[in-house]
Amino acid sequence: MQALRIAVAKGRLEEEILAMMDKTGMDCSAAVNKGRKLIVPVDGGRFELILAKSADIITYVEHGACDMGVVGKDIIMESARSLYEVMDLGLGRCRMMLAANKDQDFYQGFGVKTVATKYPNVARAFFEAKAMDVNIVKIEGSVELAPLLGLADGIVDIVQTGSTLKANGLEEKEWIAHISARLVVNIARMKMRKEEIDSFINRLRTVSDNAGGNT
Amino acid sequence: MKDYFTTPKGTRDILLEECETQNWVEGKLTEGFAKYGYTPVITPGVEYLDVFADAPGNTGSEHMFKLVNNEGRILVLRPDSTAPIARLVSSRLKNSRKPLRLYYNQRVYRQKDLYSGQRMETSQMGVELIGAGKMRADLEMLQLAMESLTLCGLTDYRIELGHSGLCELLISRLAVDDGGKEKLRQWIRTKNYPALNDFLDLLGQGEETVGIKALPGLFGGIEVIDKATEIWQDREVREILAYLQSLYDVLQQIGLKEKLMLDLGFVNENDYYTGIIFQAYIPRFGEAVLLGGRYDRLLERFGEKLPAIGFGVDVDLLTKSRIDEGKQTAVKTPEVLVWGEKGYEVLSLQYAKTLRQTPDLSVENGLFDSLEQCKDYAAAKGIRHIHVVGQTIEIL
């Protein structure tokens, strides 16, 4: 049987999901000394960890190149792909927020606002629900710069502690969504390999402190 | 290199082995459909946008390729074959004897995000059984779906069966507005347990909420019907479950049990489905290769109240699967090249024509001025025999 492939973003999320898998008794030692390898067999070859960039994970899972993936809710919201989103892993918690200059009412006035974001689809859906016309500018790096440089009136971005915003004279104006890492599963694979995937999910549930979870 | 030397994004040329293999797959499906008494139809490549109006999900109008004709009307490249067939049945075949059994083999077009790796042009074949609304029709469709895959040489496939009425029924019992209902459908469809549970927790702990929470997890073998029967006392829900059970029992008797799975939380994005829905998966492929279901309300939109059921097969994926397994159909090289010496051109054409009457023998005409060029060409193409037509016929 081919190993179940799990795509994970390199770095902290990778370490955290490995720690969870380790807690369930899976042997993840091979992943510790992986060097520069991008595909790492774990738990005696029953799983393969695929190290990918987070935005690519859903692409791999949607096409079935990977069976499962661990990916932030922010990426899922932005891409709107067909996947099963079966579990809130409770890792990498933060929030999607609208932020703008401190001491300034974002909604003030009748002019069309400009919003800078890495998440244009999320921002568009948020303002569409308010029936509000905004001009959305996609920014790849530090979005906080845009209002500081006068390019935008506000930003839509994920916020963890809020210290970057604070240090740059911005503040959170409105909550958009709760963000955390999710376990996503390819639709066809969920059916074709139900037992293995179910058992993996159930094992993770036993060690997750996020039994209920929120979205 | 001009930019139109490549095909538009999401489309491609299909040639050689791939094209031969696709023809093979189409031939097998045609054979299967015809044996069940289905007759072919071809609908236009462009239709009025209105034919697909209100089509939800993936075929929503923002995903259609649109054109404006010289009357100023909006046309779309056919995004789906079922609605055009419903239109056709409601108009030109209005007074024909029902049930109607029709099949199609045509491409459909849908816009996808650039660089998403998804196809914008898909070869589809499918059947529509119109004017039959009961279990016998559902069984025929499921049997034909499985037989189609078997005919194409697939053994390791699974057909997943669900019922679109179940989720709708359960959701309709909740005191939730339309927006909330749409969210619930989406979460059940994507098996998003966390979002579903949070939302339902706010509504309290009734039979309805507990039942809906369980819905996305109810997939697998026939045991899910027993589990579901324990959860729901509701008469209408139990009727649906009993119906699925009886379909399963029959399919088991005709030896199709191994292939069959149930998913009670199966909600299709296409909300024209009204009864059973089903799709087929094969290993290594991340998407369904076959998708179908009952759509008893679609023809109403065209003024004919007729029950209907059908399915479509993704011919591209079946072709790819065959090639991946190393079972591609080889490109056929002609066995013989016929070349006429100067002055014998007409005789050579006649000779080649006669030769082609031999079963399974394909014969090419040599188009060069010299025998040397013919030999060189035949060697390069792998044509084994050259027949030289002159005063006599010489076989090389």
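Hi everyone, let me start with how chain A is wired together: among contacts in chain A between residues at least 6 apart in sequence, 66% join residues at least 24 apart. Please keep in mind throughout that this is a predicted model.

Staying with chain A for a moment, its secondary structure comes to eight helices and 11 strands. The C-alpha trace of chain A spans about 60 × 30 × 30 Å along its principal axes. And of the 215 residues in chain A, 40% are buried.

Now, how does chain A meet chain B? The contact takes 19 residues from chain A and 19 residues from chain B. On the chain A side, at least two residues each come from helix H2 (54-63), strand E5 (84-88) and helix H7 (187-192). Which of those elements gives the largest share? That would be E5(A), with five residues. If you like to think in side-chain chemistry, the chain A side that touches chain B divides into six nonpolar, seven polar and six charged residues.

Let's move over to chain B. Chain B is divided into domain 1 (1-150 + 282-331), domain 2 (158-267) and domain 3 (336-395). Taken over C-alpha atoms, the centres of domain 1 and domain 3 of chain B are separated by 42 Å.

Next, a pair of helices in chain B. Helix H8 (residues 223-231) and helix H9 (residues 235-253) of chain B pack with their axes 10 Å apart, at an angle of about 165°. That angle is over 145 degrees, the cut-off for this class, so H8(B) is roughly antiparallel to H9(B). The crossing of H8(B) and H9(B) is left-handed. From H8(B), the contact is made by Ile225(B), Ala228(B) and Thr229(B), and from H9(B) by Arg238(B), Leu241(B), Leu244(B) and Gln245(B). Sorted by class, that contact has four nonpolar, two polar and one charged residues.

Hold on to Leu244(B), since Leu244(B) is also touched by my last residue, Leu161(B). You'll find Leu161(B) in strand E7 (residues 158-163) of chain B. Is Leu161(B) buried or exposed? Leu161(B) has 22 other C-beta atoms within 10 Å, and the cut-off is 20 or more, so Leu161(B) counts as buried. Leaving aside residues up to four places away in sequence, Leu161(B) touches Leu244(B), Leu260(B), Leu262(B), Ile276(B) and Phe278(B). There is also Ile277(B): its C-alpha atom is separated from that of Leu161(B) by 5.9 Å, although the two residues are 116 residues apart along the chain.

Thanks, everyone, and I'm happy to chat about any of this!

How values were computed:
Residues are numbered from 1 along each chain as its sequence is written. Chains are lettered from A and ligands numbered from 1 in the order in which they are written. This is a predicted model: local features need pLDDT of at least 70, side-chain atom pairs count only at pLDDT 80 or more; totals for chains, interfaces and linings use all residues. Two residues are in contact if their C-beta atoms, placed from the backbone, lie within 7 Å. Helices (H or I, at least four residues) and strands (E, at least two) are DSSP runs, numbered from the N terminus. Ala, Val, Leu, Ile, Met, Phe, Trp, Tyr, Cys and Pro count as nonpolar, Asp, Glu, Lys and Arg as charged, and the others, Gly among them, as polar. Domain bounds come from an automatic or database domain assignment. Axes are lines fitted to C-alpha atoms, for helices over the stretch in contact, and angles run from 0 to 180 degrees between N-to-C directions. Angles under 35 degrees count as roughly parallel, over 145 as roughly antiparallel, 65 to 115 as roughly perpendicular and the rest as oblique. A crossing is left-handed if the near helix is turned anticlockwise from the far one by less than a right angle, and right-handed if clockwise. A residue is buried if 20 or more other C-beta atoms lie within 10 Å of its own, exposed if 12 or fewer, and partly exposed in between; C-beta atoms are placed from the backbone.
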